[in-house]
Amino acid sequence: MATAFQELSLVPTMSVALNLFLPRPAVRFAVLVARRRLEREAKTLLAEYGITEIDPAAPVADLPLGQRQRLEIVRAMFRRPRLLLLDEPTAALSDRDWLFALIARVLAEGTSVLYISHKLDEIRRLCSRCIILRNGSKVLDRAVADMSDDEIFRNMAGRSAVERFLATPSSVRMEVPPAMRAANLIGEGVDDISFSLQPGEILGVAGLEGHGQSRLFKSLVGLQPLRSGRIEVSGTQRALRSPRAARAAGIILVPEERKSEGIFKDLTTIANISLPAIERASPGYLLSRRRERMLVRRVTAEVDLPEQYLPLGVTALSGGNQQKAVLGRALMAGARCLLLFDPTRGVDVGAKQSIYRVMRDFVEGGGAILFYSTELDELVHLCDRCLVLYRNRVVGDVHRAALTQEQILSLAAGHDPGATRTTLVKA
Amino acid sequence: MAPRVTAATTEPSSEGQSTPPIHRRINPELVPGLMVLVCAIVLIAASKLMNPGAGFTQELAAVLGTSIFLVVASFGQGLTILLGGIDLSIGVVIGIAAMMISVLTDGRDATLPWAVPVTLAVGAAIGVVNGVGIALAKVPPFIMTLASGITFYGAGLGFTSGLAQEPVAPALERLMNGHWFGVPIPIFLIIAFVIAATVFQNGTSVGRKLYAIGSSPGAARVLGLPIGGLTVLAYTLSGLCAAIAGLFLAGYSSAATLDMGGPLLLPTIAAVVIGGASVMGGRGIYLGTFAGALFLSALETIITVLSLSQGLRDIIEGAIIVGALLAQGERWNWFRR
Amino acid sequence: MRIAERLRRLQISAGAAVAVLLYVLMYLVYAANESGVLSQFGITNLLNDTVVLAVAAAGLTLTVLTAEFDLSGIGVIAIANVVVATTSAGPAGWLVSLFGVLAIGAAVGLLNGWLVGVLRMQSLAVTIGTMIACEGVALLILAAPGGQVADSIANGLTGDLLGLPVAALIILGVLLLWFLLAVTRLGIALYAVGTDETAARLSGLAVRRTKLLAFVLAGMAYGLAGYMLSAQTGSGDPRASDGFLLFMYASVAIGGTSLMGGRGGVFGSVIGAGILTVMQKMLFALGAASFYTDVFSGLIMLVAILIGTLPRVMPRLRRSVA
C-alpha cells in the first residue's frame, strides 16, 4: 500500500531525488547514499511519469505547491503498490489530466485505487464505486454509474443538524453603516477581495480547501499582512495590523485550528473564557475568582456551556464544549463582528445546534458574522448571503434566496461558468 | 508506561449533565508539588533519625535556611519555563549581584539603601536584555540566555578580578545568619517570598496571561495577548530574582565570588521540573517549584548528614530528576501528540 | 551558483561559511601579533587546544540536528577523563581505556536516546538528569583531582605523527566520519527528522531509532573528547569539564547549526570550536584582558544566530517585495 497525502509528507530541505526514494535510498559501498545515481534515476523516473520540469537535485522547498503534489503522487505510485491511496490529490494540481492518465495506467496494472475527493466530476470520471462519508460514518456505498449528481450531493450534504434548526427571518440592518467593509484586499493568498458586512448579517464564505479562505480570515485580524486594500469598521477606516487592534475594533476571530489556536490547553475552562476580560476580574491587580465566575457565567448561559465544566481543564471537554468555550471567549471580548472559521468542525450534533443558536442570537443583537464552513448545508441554511472563493478570488456572491449547495459546489470548483453567470449577483 | 489516555475521553460523550469525577476537583497542578513536599519532609525526618543529636525543628530550620537561594532563583526560572523558555544566565546574574553588593557596600551598612537597588536594577537589566533578544530578535531562549550569560560573565570579570576584595555589609550578614524569636530570619523571608510569588503567578491577571501564552502561543496570538511585553517581563523578573538570590548568597557567605551562582543554575531548572512544570510551557505552579527547591536542599542536607560522597549525591539527584520526569511520562505523551 | 550547490551537498550552511571567514580572519590577526604561530609547534599547540571542544561539539551537533537537547556531554567527558586517569596504565592501557570511554559514552547515549527517542521525554530535562548523574559517577571513580594518564596517551596524542599533529589527524578523522555519515541513510534521516518529524514519519523513516542512534553517536564522541582531554591534562579531574557545556553549545551555534534542528552540520561546529579557541589566543596575543574572551564568545554566538536566521527571513522579504 502507498499513500499520497493531502498534507504533503515531503521533507522540505531535502532534494527531490532523496524525497522520492525515502526511506531507503539506494546506496553504494554498502552504506553511502548514491546521490548522483539517485538523481539520475529520479530524472528517468520523473520523465516516465511525464515530469521533465523538476530538477531532481533541487530541494523540495524550492518547488511550487503543484509540483510538490506531483512528486507526492509519483512517490506513491512508482512503488507499484497493490493499493494506492490518494487523498485530495488535485487540491494543488492544475493539470488534472496528467493524474487521470496515470491513474488509468496503474489501474491497468492491477492496482486498486482509493481516491478521496470533494470534486464530483473527478469521482464520475475515475471511480467505479463510491463511498460517501459524513461525520465519520458511511452513508452510501454504491456504483457511481447508478448514482445521479443530485443523489451524491444530497448524501454528501445529508439532512443534518442545521436543517432541524429553526430558520429565523433575517435580521440584517441596512440602514446603518456596514459593520465591516473590505475593499480590494490583496495579500498572499488573498487576491483582490471586496465585501461588505452589515450589522445583523451572517455572510457566508464558501470554498474548497486551500482557495484562500484561511488566508482571508487571518488577514482580516492582522495575523497575516495585507499588501493593499482598506478595511472599514462601522464606517471608519481601521488599520487592523494585529489581533489586538482587531479586538479593539470589536473584531474577533474564532480560528480554524481549535487545538493550537483556539483553546489554551493547560488552562481551566473558566480561565479560557475569562481571559479577554481578566483585567475586569482583577480589581487592584488581584484576581477575584468570584468576579471571574460572575463574568463568565453571563456568557456560558449564552453559549449553553454547562457550568460544572467551568473548573475543569479545557482539554477534558468534548470538542463541542471546547468550541462553546472559544465562542464564549469571543463574546467575552466584546465582539461586534465575529469571524467564524469552520466553527462546527469536529463538533457533535447538540453542540452544533447551540452554535447555530449563538450565531442567530448574536446577529439579532446587532452583531455581524463572517462565517466559513466546510459543511455546505450550514452555509445554505444560516447565511443571508454567501461569497464563494476560487483560487483566492471571490467568484460568486449569492443571496439567500438563490443559495443551494449545488450552486456553491459548482462555483467553488471553478467550472460550470453557466451557473456562475446566472447566480452572480452584483455586490 | 501507562497506556495513552487522553484527557478528552474523560468527559461523557453524551450531552448529559453528569458531574465530573471527584479527582478532577483537586487541582491537579498541586499533586506533583504535594508529593515532592511529602518526600522532602520524609527526608528531613529521616535525617533526624540518623542524626538524633539535632532536633526536628532545628533540622527543618537548617534546610529551610539554606534553601532560600534556590527558592528565590527558581521562581524566576519557573516564569521563563512557564513561557516555554529557559534562563541559563541565572547563575551568572547571581554571581554578578553578589559581587556588586560586596564592592558597592564595602562593609558599610550606610551604603545599602542605594547599593541594593542598584544591584537589583542590574540583575533586572540583564533580564531585559534577554527578554528583548527573545521577544523581538526571536533568538531561541536557550541561545540568548546562554550567550548573554557568557557575555556578562566576561564583563563581570572585566570589572573585578572574579573575587570580591571588599567585605559584605554586616547588615546583610545579620539578615542571613540572624534569628527572630529563635527562628532564622531567612525562614521569614522565604514565607514572605512564597506568598508574594504565588499571588503573582496564580492570583493576578498578568500571571494568568503568562500561563495562557506558555500554554498556547498560537491561541495567545489570535487573541491578541501582549506576548512580547510579557516575555520581556518574565525574563526581567527572572533576572531580578537571581539578583535577590545573589544578595542573599553574598550575605550568607560573607564573601562573594563571580562563580558562586554557577552551581545553582541547574538546580533551579531541576526544582521547576520536579515541581511538576512542563518544559514545553503553560504548566506548573510556584508551590510545586518551592517544594522541588526544598526537596533538593533537603537531599543535600541528608547527604551531608549521612556523609555520602558528592558523587553519590549527584547520582541520586540525577536519578531523581529522570524519575520525576518518568512519573509524569503519561502527560508528556499526551503533549507531544 | 555552482559553488553554493556544492557546499549545500556537503551540508555546509551559510552560517558555516561565515564561520570559516571569521576563523581565517582571527587566525591572521593572531599570527600577525604573535611569533611562532605558523611554526609546526605553534600549529600543533593551537590544534591541541581545539581538539577537545571540536570533538565534543561534533557529537553535540548530531543530537541538535534532530532538534533535541543534549546536556549530558560534560558528564560523559568527566567520566571519560577519570576513567583514563585510573585505567590507562600498563602496556595496552591506552587501547583498553579508549574502548572503555567509547563504550561508556555509547551507554550514556543509549540511555538518553531511549528516554528521549523511545519514551519521548523532554530532552532538556532528561539530559540535565543524566549529566548530573554522570558527574556523580565521575566523582565516585575519582573523588579529587589526581590519577595518572599513561605517557603513551599524554605524549602520543599531543605530539606529531608522520609530521602531522595528532590533533589534526583526529579532527580530520572526525570530519571524515561526519562527511561519510552525512551521506548514509542515517545521516539523511537525521536531517529529515530534525526538519519535519511528521513528514519524516510519513515518509517511512524510523524516527525513534534515528534519535536513539544520534544520542549514541553523540555519547561516543563525548567519550573521545574526554580521552583527548586526558591526553592534554595528563591527569584526572572529575570537575575538569565543568565549564565546557556553554562552549559546546556556543561552538554549535557559531557553526551555523540551528537549535530547531535540520540545518547545519558537524563541519560548522568544528569551525565554531576553532573560532572560540583561536579567539582566546588572538585576544591574548593582542594583550586584551582574559575577560574579553567571554564577552566575545557571547557576542559572536548572538551574531552567528542572527546571521543564521537571515536566510530564513530573506525569502519572505523578497516575496513580499515581488
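Axes are lines fitted to C-alpha atoms, for helices over the stretch in contact, and angles run from 0 to 180 degrees between N-to-C directions. On this basis, helix α16 of chain A, residues 405-412, runs at about 30° to β16(A). Helix α16 lies across β10, β16 and β17 of chain A. The model is predicted.

The strands crossed by this helix belong to an open sheet in chain A. Six strands build the sheet, in the order β13-β14-β15-β10-β16-β17, with mixed pairing. β13 (251-254) and β17 (393-399) are the edge strands, and each pairs on one side only. On average, neighbouring strands are turned by 20° against each other, direction ignored. A second helix, α14 (residues 349-364) of chain A, also packs on the sheet. Helix α14 touches β10 (202-206), β14 and β15 of chain A. The direction of α14 makes about 145° with that of β15(A).

Within the sheet, strands β14 (residues 337-341) and β15 (residues 368-372) of chain A run parallel. They are joined by 5 bridges. Phe341(A) has Tyr372(A) in β15(A) as its bridge partner.

Chain A is assigned two domains: domain 1 spans 2-116, and domain 2 comprises 164-267 + 325-423. Over C-alpha atoms, the centres of domain 1 and domain 2 of chain A are separated by 36 Å.

The largest nonpolar core contains 350 residues. Leu339(A), Val55(C) and Ala56(C) have the most contacts inside this core. Helix α10 of chain B, residues 227-253, contributes the largest share, 17 residues. Both domain 1 (2-116) and domain 2 (164-267 + 325-423) of chain A supply residues to the core, so the core lies between them.

Val55(C) was examined further, leaving aside its neighbours within four places in sequence. Val55(C) is in contact with Ile170(C), Val174(C), Ala221(C), Leu224(C), Ala225(C) and Met228(C).

Chains A and C also meet directly. Each side of the contact takes 17 residues, from chain A and from chain C. On the side of chain A that touches chain C, 13 residues are nonpolar, 2 are polar and 2 are charged.

Chain B has 14 helices and 2 strands. Of the 337 residues in chain B, 55% are buried. Contacts in chain B were also sorted by sequence separation. Among those between residues at least 6 apart in sequence, 79% join residues at least 24 apart.

Terms used. Residues are numbered from 1 along each chain as its sequence is written. Chains are lettered from A and ligands numbered from 1 in the order in which they are written. This is a predicted model: local features need pLDDT of at least 70, side-chain atom pairs count only at pLDDT 80 or more; totals for chains, interfaces and linings use all residues. Two residues are in contact if their C-beta atoms, placed from the backbone, lie within 7 Å. Ala, Val, Leu, Ile, Met, Phe, Trp, Tyr, Cys and Pro count as nonpolar, Asp, Glu, Lys and Arg as charged, and the others, Gly among them, as polar. Two strands pair if DSSP finds at least two bridges between them. Helices (H or I, at least four residues) and strands (E, at least two) are DSSP runs, numbered from the N terminus. Domain bounds come from an automatic or database domain assignment. A nonpolar core is a set of buried Ala, Val, Leu, Ile, Met, Phe, Trp, Tyr and Cys residues joined through C-beta atoms within 7 Å. A residue is buried if 20 or more other C-beta atoms lie within 10 Å of its own, exposed if 12 or fewer, and partly exposed in between; C-beta atoms are placed from the backbone.
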